[in-house]
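This report describes a single structure with its bound ligand, taking the sheets and the ligand surroundings in turn. The sequence and the structure are shown here for reference.

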Amino acid sequence: MSKIVILTGAGISAESGIETFRAEDGLWAQHRVEDVATPEGFIRDPKLVVDFYNARRKQASEAAPNAAHKALAKLQQHHNGQVVIVTQNVDDLHEQGGSKKVMHMHGALKSALCASCDHRWEAPMVMATGDPCPKCKAPAARPDIVWFGEMPYDMDAIFDHLAEADIFAAIGTSGNVYPAAGFVAEARQHGAHTVELNLERSAVGNQFAEHRTGPASRVVPEWVEELLGNTVPRRPDFR
Ligand code: BV8
């Protein structure tokens, strides 16, 4: 009854056509992080920030889950132990791929938040600055996104899962952003086997016991089929 905890990042959605952050032509090449992904940026120019997330919400709404999202849903369905998915992504491709109870530690494009009363509701496709909160009516709607300098969601629950993990996997994340990038160290400390699935070694790649290199749409289904005992494990890259 092994418990598997999986952290995903932008790389798992790349083959669904959603831009990652740190690729040459990625989101952070087109926008300054401090302008669009910080509370200060939102105060300085709320329209710039709301429009940035409107564009990403539209792009995400036109994307479909790929084989990697679907493989993780299959693992959740058929593995004989708990499979917890923690994502840094704000798209809903895990849910569209069939996964249940996904923990969105950096928030979600589909959710709106009231900066005044903390009420959450389903975000319209296009948000405008000063939209009223449906609950307290304050003109304080904002994207329900965790910006730099803000506390990610569900951290206590996530650390409890990491403490119980038999396997910790990181898929499609560059290991640049904390506290997510620190999860592998936390899991290892509690005895988990750690595996990184990515196109290349991440910034914390040397902390993983195992690496599976290649596009998520290939390496994730391969990994899942091995975990489910449907295929013979190939010689893993333990380098
Ligand atoms: C916080 C918003 C504290 C949503 C994002 C040490 C400890 C704690 C904090 C810090 C620390 N050091 C610095 C900090 C501060 C900061 C931080 O980490 N800064 C970094 C830049 C140094 N962290 C924070 O501010 C966090 N908050 O710590 O709060 C606190 C304490 C008390 C009270 C209050 C607060 C908040 C972090 C969340 C910020 N929000 N985004 C959005 O706009 O989407 S982060 C942003 O980066 C995204 O959410 C994204 O998920 C995240 C990580 O990026 P990746 O997902 O890894 O994407 P990236 O493009 O980087 O990489 C893609 C990867 O995929 C690559 O490896 C590539 O090889 C791979 N890939 C590509 N294609 C494929 C593929 N792999 C497989 N197949 C493919 N086809």
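## Sheets and ligand shell

In this predicted model, helix 10 (residues 216-227) lies across strand 1 (4-8), strand 7 (167-171), strand 8 (193-198) and strand 9, and its axis runs at about 165 degrees to that of strand 7. These four strands belong to an open sheet of six, arranged in the order 3-2-1-7-8-9 with parallel pairing. The edges of this sheet are strand 3 (103-104) and strand 9 (210-213), each of which pairs on one side only. At the strand 3 end, two bridges join strand 3 to strand 2 (residues 83-87), the two strands running parallel, and threonine 87 has histidine 104 in strand 3 as its bridge partner.

A second open sheet consists of three strands in the order 5-4-6, and here the pairing is antiparallel. Strand 5 (120-122) and strand 6 (141-145) are its edge strands, each pairing on one side only, and the twist averages 45 degrees from one strand to the next. Strand 4 (residues 107-114) is joined to strand 6 by four bridges, with the strands running antiparallel; leucine 113 has arginine 142 in strand 6 as its bridge partner. Helix 5 lies across strand 4 and strand 6, running at about 140 degrees to strand 4.

Which residues come closest to the ligand? Of the 34 residues that surround the ligand, the closest are Phe21, Arg22, Gly149, Ser174 and Asn198. By residue class, the shell around the ligand divides into 17 nonpolar, 12 polar and five charged residues. Polar contacts to the ligand include the three in the following table, which gives the atom on each side and the distance between them.

| Residue | Protein atom | Ligand atom | Distance |
|---|---|---|---|
| Glutamate 15 | polar side-chain atom | nitrogen | 3.0 Å |
| Glutamine 88 | backbone N or O atom | oxygen | 3.3 Å |
| Threonine 173 | polar side-chain atom | oxygen | 2.7 Å |

On its own, the ligand has 1,500 Å² of accessible area, of which the protein covers 75%. The elements that give two or more residues to the shell around the ligand are helix 1 (11-14) and helix 5 (46-61). Helix 5 thus appears in both parts of this description, as a contributor to the ligand shell and as the helix that lies across strand 4 and strand 6.

Definitions and conventions. Residues numbered from 1 in each chain as written. Predicted model: local features only at pLDDT ≥ 70, side-chain atom pairs only at ≥ 80, totals over all residues. Heavy atoms only, no water. Pairing = 2+ DSSP bridges. Contact = heavy atoms within 4.5 Å. Axes fitted to C-alpha atoms, helices over the stretch in contact; angles between N-to-C directions. Near = heavy atom within 4 Å. Polar contact = N/O pair within 3.5 Å; in protein donor to acceptor, adjacent residues only side chain to side chain. Areas by Shrake-Rupley, 256 points an atom, 1.4 Å probe, with all protein chains shown as cover. Nonpolar A, V, L, I, M, F, W, Y, C, P; charged D, E, K, R; others polar.
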